[in-house]
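I am opening a fresh page for a structure that I want to read slowly. My plan is to begin with the whole chain and then turn to single residues.

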Amino acid sequence: AATFERAQFLEKQQVRRREHQWHEKEKALCDRQEYRVRRADEIRQQRQEANHLKELKKKQAEEAARRRAEEAKCALEVALQKQEEKALRKQMLVKEVTEMVGMTTAVRCKVQQSNRQQLKLEEERRNTERAERAER
């Protein structure tokens with residue numbers, strides 16, 4: 001009877017040991033599965049963060065390109081306005097010079113006309129003097 005009880009006791013211990021080993025294996029498998037899930041989540045989160053940063057950099061680059069394009073457009077508009085102003089100033093100067101040339105030409109014509117008139121008057125005076133001398 002004592003050996004039977006002893007055998008039953010040893011068998012119960014062996015069953016408990018096997019159950020404990022089985023639980024330890026189950027626990028190890030669960031821990032491993034949890035680790036894999038946790039690691040997959042970490043990797044997914046890292047990828048999401050990397051993608052977010054990549055998207056953010058892309059948006060920043062697009063914004064910088066848009067700003068550069070806007071600045072270039074403004075600079076072009078300023079340059080075109082300056083060019084237009086320069087063309088208008090040139091046009092005004094050409095007009096002023098043309099008017100001056102016209103006025104100079106008019107003055108020269110008047111001076112020539114005045115000179116011709118003086119020559120004519122001088123000629124008439126000489127002719128009158130000759131005629132008076134011839135009569136004497």
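How much accessible surface does the protein chain have, and what share of that surface belongs to carbon and sulfur atoms? Before answering I note that this is a predicted model, and I keep that in mind for every entry below. I looked up the surface and found about 13,500 Å² for the protein chain, with 55% of that area belonging to carbon and sulfur atoms.

**Entry on overall form**

I looked next at the secondary structure, and I found one helix and zero strands in the protein chain. The radius of gyration is 58 Å, well over the 14 Å that the globule rule gives for 136 residues, so I write the chain down as more spread out than a compact globule. The box filled by the C-alpha atoms, taken along the principal axes, is roughly 200 × 10 × 10 Å. I then checked burial, and buried residues make up 1% of the 136 residues.

To get a feeling for distance along the chain, I picked T105 and H23, which are 82 residues apart in the chain and whose C-alpha atoms are separated by 120 Å. T105 is found in helix α1, and I list T105 as partly exposed because its relative accessible area is 31%, which lies between the limits of 20% and 50%.

**Entry on charges**

I counted charges next, and the protein chain carries 35 positive and 26 negative ones, whose mean positions are 4 Å apart. Side chains of opposite charge can pair when their charged atoms come close. With that in mind I asked myself how many salt bridges a search of the whole structure finds. The search finds nine, and I followed several of them one by one.

The first pair I looked up is D31 and K27, whose side chains meet in a salt bridge with an N to O distance of 3.8 Å. Both residues lie in helix α1, which covers residues 2–135, and they sit four residues apart, about one turn of the helix. D31 has 38% relative accessibility and therefore counts as partly exposed.

I then turned to R44 and D41, where the salt bridge has an N to O distance of 2.6 Å. These two residues are separated by about one helical turn, because they are three residues apart in helix α1. I noted R44 as partly exposed at 44% relative accessibility, and D41 as partly exposed at 36%.

My next pair is E63 and R66, with the closest N and O atoms of their salt bridge 2.5 Å apart. Both lie in helix α1, three residues apart, which I again note as about one turn of the helix. E63 counts as partly exposed at 31% relative accessibility, and R66 also counts as partly exposed, at 45%. I also found a network, in which salt bridges that share partners join E122, R125, R126, E129 and R133.

**Entry on cysteines**

How many disulfides does the count come to? I wrote down zero, since a disulfide needs a pair of cysteine sulfur atoms within 2.5 Å. I still looked up two cysteines for their exposure: C30 counts as partly exposed at 40% relative accessibility, and C109 counts as partly exposed at 41%.

**Closing entry**

Reading back over my page, I keep two things together: a chain with one helix and zero strands, and a search that finds nine salt bridges in the whole structure.

Definitions and conventions:
Residues numbered from 1 in each chain as written. Predicted model: local features only at pLDDT ≥ 70, side-chain atom pairs only at ≥ 80, totals over all residues. Heavy atoms only, no water. Buried < 20%, exposed > 50% of the residue type's maximum accessible area, 1.4 Å probe, protein only. Salt bridge = Lys/Arg side-chain N within 4 Å of Asp/Glu carboxyl O. Rg over C-alpha atoms; globule rule 2.2 N^0.38 Å. Areas by Shrake-Rupley, 256 points an atom, 1.4 Å probe, with all protein chains shown as cover. Lys, Arg positive; Asp, Glu negative; His and termini not counted. Charge placed at Lys NZ, Arg CZ, Asp CG, Glu CD.
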